[in-house]
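Colleague: Please take me through one part of this model closely, residue by residue, and then set that part in the whole.

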Amino acid sequence: MRFLCLSLALLSFSLLSSCKREGRIALQKDSVDFNLHIRPILSDRCFKCHGPDGGQRKANLRLDLRENALAHLKDNPNEFVIVPGNAAKSELFRRISAHDTAQLMPPVKSNLKLNEDEIALIGKWIDQGAHYKKHWAFIPPQPVVVPKVNTNAWPRNDLDRFTLARMEEAGLVPNEEADKERLLKRVSLDITGLPPSLEVQEKFLHDSSPSAYEKLVDALLSQAQYGEKMATYWMDVARYADSHGYQDDGLRTMWPWRDWVIHAFNENYPYDQFVTWQLAGDLLPGATKEQVLATGFNRNHKITQEGGVIQEEYRIEYVTDRTNTFGKAFLALTFECAHCHDHKYDPISQKDYYSTFAFFNQVPEKGLVGDITLASLADPPKIKFTSQEINDLYTYINKKDTAAVEVMVMRDSARRPTYILKRGAYDAPGDRVSFGVPSAILPYDSMSYGANRLGLAKWLFDKKNPLTARVFVNRMWQEFFGRGLVKTSGDFGMQGEMPSHPELLDWLALDFMNNGWNIKRLVKQIVTSATYRQSSVMDKDKMAVDPENILLSRGPRVRLSAEAVRDLALASSGLLVKEIGGPSMKVYQPKGIWESSTSGRGVLARYIQDHGDNLYRRGLYSFIKRTVPPPGMLMFDASNRDQCEVKRLRTNTPLQALMLMNDPTILEASRVFAQRLLAEKSTAEEKITKAFRSIVCRDAKPEELALLIQYFEDEKMKFEKSPAKARQLIKAGEYPQPGTNDVVTHAALMQVIHTVYNMEEAITKT
Amino acid sequence: MDNEFIKNRMHVTRRHFLGKMSLGLGSVALGSLLIPDLFSGKDDTPFPVGLPHFAPKAKRIIYLFQNGAPSQLESFDYKPLLSKMRGEELPASIRMGQRLTGMTSGQKNFPLVGSHFKFQQYGKSGAWVSELFPNTAKIVDELCFIKSMHTEAINHDPALTFMQTGAQQGNRPSMGAWLSYGLGSENKNLPAFCVLLSRGRGNGQGVYSKLWTNGFLDSIHQGVQFSSSEERVLYLKDPNGRDREDSRKMLDHLAQLNELNYQEFGDPEIQTRIQQYEMAYRMQTAVPELTDLAQEPDHIIKMYGADCLTPGTYASNCLLARKLSEAGVRFVQLYHQGWDQHGNMVGEMPLQAQDVDRATAALIMDLKQRGLLDETLVIWGGEFGRTNYCQGDMSNNNYGRDHHPRCYTIWMAGGGVKPGIAYGESDEFGYNIIRDPVHVNDFHATVLHLMGLNHEQLNFKHLGRRYRLTDVAGKVVKGILA
């Protein structure tokens, strides 16, 4: 129960961090909690100089460890930094509350400040005995009792009891369940990344059986498009791209790895297997080619082809990337901070960093890859799949021609010694290190795990590892709710945010581990919850108390991803080609984007657009040239695949408006959709109704329909006066154009449909 | 869009907007455009940020980036000793263990070579300029040369990334994005950060969109690339068959549909979306007007050179930069490619200089005659310098130079910098700095300072850490401040 009260206070902080009234609520609470209240302040404002980083530590004082914080002052054995139970006698409190700026901590110069409430909290914490606790994320998830709630009728599964308990505590009532149309759109987009077809809409809306929704979810999870949706997310984590990055940015072939990821999600490989294969598939006893292919994960980083680079400098860069990716992707820790010095906030020493680095430092590779002019596809180590093998065994690799395909993978060479690199510099080796990890997470026992990447994977999936399961269930939560239970889904360290529902996070993590790391099961658990099924209407009172929806008293309402915006247009208009996998596509792109930026070398110097079916594949297959990613996708916050990313921004900008108004794909979808509707025997009203339902996935309201019909009539009149304009407009895109007599109606209907594509609700999961 | 409309239909509360703004201070400026009384303080929460941090010297920046690293030894850093010692080996006492790129690490000798091009002193300041830059020579009294720049990177990609984002690796926001974040836009119809690309005839190295990335900042701060095609900003042009009036009609219907949806859901994002469509529409009018260079008077065209009427040339981009800057664009970033003279210095350097010399000088004079130079900071320079020794074969008529991070020259002009000075100095070999070194971090700190921003205070917390353009270092170069 204490957790709940305190988290509520925390919530108040995050709502208005500087609002005094709210802060005082926290002070009224009986007990100040180190993890919830104190560490975030100390970490953010004090640890930079008084934390784990020995190199930067001032006055030899560290506040992250209790025994050090209770020590006497360096120059006065009778005075102490912290006197438990007595803030007034504690030097720490005196300094943070000093009026004399020469005495004040943090120093003015640091640009860091404590506000009155934070000072009072620290005072109260000292008065209460200055108890320390291990950082929450490093304590393994503990079995949790599912909380009791007042409104027993609401929860659909245990997960709901956790969210409802918090809502009841805060005096909030959950929203109604979303209407069926919206719920269908939401869950379809969330599971498959595609809007529901009219047939699916029809079927679901007329299925009044109690199990209708569950049947729907099962059906969605069994579609191959589920794997594509999940892979899209994983490609950000894995910094997947179709080019090497850096200056010349030549072509690479990693898409067979991406095809495997789709396959793995569709086959519902347990998360531990999915990740173990990617980290160490090559080291598994009797490794199959599939297991080796999976290790392409760690070869997706950028590789330079700039003539004249110093090989070792870049080789170190690649190992660094793998190490940082490992930290962020699986542990949600900012390992990269310990690359040059001890981590300033988290217990990751530079030695720890290079001990983990050692696992990834064994690849027989060079800093400079291939020859840009030869369009080298992959440098060693790599794996080759013949056409025969693909046809017989690895059918998920979508390769049409008969040539073999090579993909970069991991391999360990004879042991390469690893040293701490001073200041992170490749040419400044310090002490030699052996394999290891930051032991504050979970000590690494080489004897039982083994001293290689496979051992590292075993350590990662040791049930005692406090982070792995939490981090993944949190990411999945973020995918469905738009916000993780830990908002900083890439940082579970001291500087990250506390979980909004710590017990729920633990419950989910344990449940996930105890049920075989079953990803589809986790997804189903989330989307069948009452929490997820709520309407996303934003009630004014709730907005005032909880604008970020931290307490989850409404459903998620989130703009679609860059890929999903494209997919929506293609799917609803009937243009989508549902082929899975294969080489990435060069879709419509404004002219000259690659050409104006290129070094002129390599096969990617010029953008040669694809034609035909390739123009209508899903967004995840868009060709990613790292130095010049598809501009329309960047506008919608897609990753540039420079580094591992676990959370995209979600912005709302004028350039997005420009793209939706003028992008050829959206215009073409509008044109083709109108064309198809014209071929049907129906009234204008029926055509508009159908278009609206296909795109927005619900029936238009009478006033919406009236408005669109009026608009259609107006446009028709306009085009009748200038049919030349109509003829120009319906030229959009390369998709075949059957000759039509009625260009005026076609153009008018296209305008209406294009307007619907631009609706905020169309590109929003509502 | 009048105030009434906003009051009645824009249900976004000030607090919501400020909440959104935590994504970036720059969008505060955008916010204030959308909600005129955003900062009137009527709400009970005091507005938490007050930027700039102090009175700025410059309001806008035009950065003429010379991509590939132009040789300081053939442009502005005159080293006659190198000609005297032509062919002699670079003394180890000068090289002092400087690492080599992979291109010259196999080279057995490092023969010194002087400039093929003649130098002369110009102006009251007596600045040395090579014969390749006759127009720049005429404006040297406006320029502040920094002859002691140094960087840590030795290859193009990391060096460019370092100059632009303050870090060699990593997805950090670029300078323009930081300024957009810190200061916002002065023009409600244009992005705060615009990028213009051109390519010379010399050996080129390409540019990358990560150089104008928003990094972890809100994507509103991303540099908007202007292209040389008819459509200057991506997706700006109405499709064929739809004119402005048609688009207006579409937006009006769209706004009504979105408004209906807002009534049902109450999501402030819907109102923001409506506003963004309005700004997009305004950009569609503002950008073509602004980029129509043919409307410039003859004497201006003459100043920049006839090339300036050919879209995509450096001259055209300089003129466009002036217009964008004049219209209030905070940061105009040009890149001119082709400055990587590993060989054929004699053939390529004149071509590169010819591309940029006239238009660069014209830009400075043009800004000055409009009274804008005082409030505009213009920067010219590349990502590192070039070696004083020859790379590859040295013939009587030709030579090349490899990358040299330890010392190079850039110049600044206008807003808040001392005109007509040379700051810092390299040794007589043009190899090491002997006075007042300026590190890339110092350069960034100084540029931010000129814009009224304290480089230590302009930060953004991301993944647990407060990031700055200057990372953990940098000091303002006081010696160049006017």
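Modeller: Leaving aside neighbours within four places in sequence, A:Gln103 is in contact with A:Arg95 and A:Ala98; contact here means that two C-beta atoms, placed from the backbone, lie within 7 Å. Please keep in mind that this is a predicted model, in which local features need pLDDT of at least 70, side-chain atom pairs count only at pLDDT 80 or more, and totals for chains, interfaces and linings use all residues. Residues are numbered from 1 along each chain as its sequence is written, while chains are lettered from A and ligands numbered from 1 in the order in which they are written.

A:Gln103 sits in the loop between α6 (91-96) and α7 (116-127) of chain A. Helices (H or I, at least four residues) and strands (E, at least two) are DSSP runs numbered from the N terminus. Because A:Gln103 has 12 C-beta neighbours inside 10 Å, it counts as exposed. The cut-offs are these: 20 or more other C-beta atoms within 10 Å of a residue's own make it buried, 12 or fewer make it exposed, and anything in between is partly exposed, with C-beta atoms placed from the backbone.

A little further along, a cis peptide bond joins A:Met105 and A:Pro106, with omega at about -10°. A:Pro106 belongs to the loop between α6 and α7 of chain A. Most peptide bonds are trans, and most residues other than glycine have a negative phi.

Two other loops of chain A have a positive phi at a residue that is not a glycine. A:Asp249, in the loop between α12 and α13 (255-266) of chain A, has a phi of about 55°. It counts as buried because it has 32 C-beta neighbours inside 10 Å. A:Cys697, with a phi of about 70°, lies in the loop between α30 (684-696) and α31 (702-721) of chain A, and it is buried, with 25 other C-beta atoms within 10 Å. A:Asp613, in the loop between α26 (562-573) and α27 (631-635) of chain A, counts as exposed, with 11 C-beta neighbours inside 10 Å.

Now to the cores. A nonpolar core is a set of buried Ala, Val, Leu, Ile, Met, Phe, Trp, Tyr and Cys residues joined through C-beta atoms within 7 Å. The largest has 322 residues, and A:Val473, A:Val756, B:Cys144 and B:Val378 touch the most other members. Helix α13 (residues 345-369) of chain B gives the largest share of this core, 10 residues. Beyond four places in sequence, B:Val378 is in contact with residues including B:Ile62, B:Leu64, B:Leu363 and B:Met412. A second, separate core of 22 residues brings us back to our loop, for it includes A:Met105 together with A:Val81, A:Ala87 and A:Leu92.

Helix α11 (residues 212-221) of chain A shows burial on a smaller scale: A:Tyr213, A:Leu216 and A:Leu220 are buried. They lie on the same side of α11(A), because they cover an arc of only 60° around the axis, the arc being that of the directions from the helix axis to the C-beta atoms. Among the elements that cover these buried residues are α9 (180-192), α10 (198-206) and α12 (224-237) of chain A.

For the wider setting, chain A has 33 helices and 8 strands, and 56% of its 766 residues count as buried. Its radius of gyration, taken over C-alpha atoms, is 28 Å, in agreement with the value near 27 Å for a compact globule of 766 residues; that rule is 2.2 Å times the number of residues to the power 0.38. Chain B comes to 14 helices and 17 strands, with 59% of its 482 residues buried. The contact between the chains takes 63 residues from chain B and 76 residues from chain A. On the side of chain B that touches chain A, α9(B) supplies the largest share, 10 residues.

Finally, a note on confidence: pLDDT is the predictor's confidence in each residue, from 0 to 100. Chain A averages 92, and 95% of the residues score at least 70. Over residues 1-28 of chain A the pLDDT is below 50, and this stretch has 38 contacts in the model beyond near neighbours in sequence.
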